[in-house]
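This report describes the fold and selected local features of one protein chain. The sequence and the model are shown first.

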Amino acid sequence: MNDDPQDVHNSPEPAEEANGPPAKSGIELAREALAQAKADALKRGTLPGQNGKRRSGGRVVRVREPGRGGDPKLFSAAIHELMASRGWEQRAAVGGVFGNWAGIVGAELAEHTRPERFEEGELTVAADSTTWATQLRLLSSTLVRRLNEELGHGTVRRVKVVGPSSGPRRTGAWRVR
């Protein structure tokens, strides 16, 4: 052993001699992995850290992924295209009517009525009283025209109005004849 206190760093440690070289730190391992990734990328002809870009005579060329098409689009245009390709346009429009019922029929009428379902051109609307059901029946032709303006000509053919239900009628000995 060396007795010089300033030369302790140069003397080999007994653990190093027995176990081989010291374990690498996380930073050293990360540096080695990065260097290996850069070398692999250069072998493939791509730029390190730039997925999908290749070198071509000194200039960078973007490689398009298979299955992706065309230039970027506005989000609304992409959604409209998706809905048209899947045949969801009418269902989405009818859902918009349900969501904007107050805007279509007015706040006062919307407070007492609500759309329940839309099937095969018939919109079923429930009213909370017979008075409001009668009012809605009187306005049904205007409502059909207004809904077709929103949804497209011929989408709504009829508005069926249902009033409040009082439940099943009881039969028995005590009833008025």
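A residue is called buried under 20% relative accessible area, exposed over 50%, and partly exposed in between (1.4 Å probe, protein chains only). The model is predicted: local features need pLDDT of at least 70, side-chain atom pairs count only at pLDDT 80 or more, and totals for chains, interfaces and linings use all residues. Residues are numbered from 1 along each chain as its sequence is written, and side-chain values use heavy atoms, with hydrogens and water left out.

**Overall architecture**

The protein chain contains eight helices and five strands, where helices (H or I, at least four residues) and strands (E, at least two) are DSSP runs numbered from the N terminus. Their order along the sequence is α-α-β-β-α-α-α-α-β-β-α-α-β. Of the 177 residues in the protein chain, 18% are buried. Among contacts (heavy atoms within 4.5 Å) with a separation of 6 or more, 42% join residues 24 or more positions apart. The accessible surface of the chain is about 14400 Å², and carbon and sulfur atoms contribute 51% of that area; accessible areas come from the Shrake-Rupley method with a 1.4 Å probe, and for residues only the protein chains shown count as cover.

**The E3-E4 hairpin and Thr113**

Strands E3 (residues 113-119) and E4 (residues 122-127) pair in the antiparallel sense over six bridges; pairing requires that DSSP finds at least two bridges between two strands. One bridge joins Glu119 to Glu122 in E4. Two residues separate the strands of this hairpin, and Glu120 in the turn has a positive phi of about 50°.

Thr113 belongs to strand E3. Thr113 counts as buried because its relative accessibility is 4%. Two short distances involve its side chain, and the table lists them. A polar contact is a pair of N or O atoms within 3.5 Å; within protein, one must be able to donate a hydrogen and the other to accept it, and residues adjacent in sequence count only if both atoms are side-chain atoms.

| Thr113 group | Partner group | Distance |
|---|---|---|
| Thr113 side chain | Trp101 side chain | 3.1 Å |
| Thr113 side chain, polar atom | Leu109 backbone oxygen | 2.7 Å |

Beyond its neighbours within four places in sequence, Thr113 is in contact with Trp101, Val125, Ala126, Ala127 and Leu136.

**An exposed residue in H3**

Phe75 lies in helix H3 (residues 75-86). Phe75 counts as exposed because its relative accessibility is 66%.
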